[in-house]
Amino acid sequence: AYDIRREAEDAARQLRDNKALSAEDRQAMLQAVSAETRQSLSATLGLKGFAAYEKITGGWIQQISAPRP
């Protein structure tokens, strides 16, 4: 789970730093990273494991696609 988080956060950081992307494109890509992260964690941890993980410490997943000023 740690590696998945690190990769997702790195991808999100790169997208936020890419000034060539429009705000709409950036947001769409960040949402895709968030969705892919959820899928990867669910496949790794199983449905019950992912549900528990998301409840306890999964707030960072939502932060990936949260709009920033």
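These exercises cover the nonpolar core and the salt bridges of a predicted model.

**Exercise 1.** Find which residues have the most contacts inside the largest nonpolar core, and which helices supply that core.

Solution.
- Start with the core itself, which has 13 residues.
- Leu-41, Trp-60, Ile-61 and Ile-64 have the most contacts inside it.
- Next, sort by element: H1 (2-17), H2 (23-57) and H3 (59-65) each give two or more residues to this core.
- H2 gives the most, with five residues.

**Exercise 2.** List the residues that Trp-60 touches, leaving out those up to four places away in sequence.

Solution.
- Take the lower numbers: Trp-60 touches Arg-5, Ala-8 and Glu-9, among others.
- The list is completed by Thr-37, Leu-41 and Tyr-53.
- Two of these names return below: Arg-5 and Glu-9 meet in a salt bridge.

**Exercise 3.** Search the whole structure for salt bridges, then examine the pairs within helix H1 given here.

Solution.
- The search finds four salt bridges.
- One of them joins Arg-6 and Asp-3 at 3.4 Å, N to O.
- Arg-6 and Asp-3 are three residues apart in H1, so about one helical turn separates them.
- Another joins Arg-5 and Glu-9 at 3.0 Å, N to O.
- Arg-5 and Glu-9 sit four residues apart in H1, about one turn.

**Exercise 4.** Decide whether Arg-38 and Glu-54 are buried, partly exposed or exposed.

Solution.
- Their side chains meet in a salt bridge of 2.0 Å, N to O.
- Buried means under 20% relative accessible area, and exposed means over 50%.
- Arg-38 has 26%, so Arg-38 is partly exposed.
- Glu-54 has 28%, so Glu-54 is partly exposed.

How values were computed
Residues are numbered from 1 along each chain as its sequence is written. This is a predicted model: local features need pLDDT of at least 70, side-chain atom pairs count only at pLDDT 80 or more; totals for chains, interfaces and linings use all residues. Side-chain values use heavy atoms; hydrogens and water are left out. A nonpolar core is a set of buried Ala, Val, Leu, Ile, Met, Phe, Trp, Tyr and Cys residues joined through side-chain atoms within 4.5 Å. Buried means under 20% relative accessible area, exposed over 50%, partly exposed in between (1.4 Å probe, protein chains only). Contact means heavy atoms within 4.5 Å.
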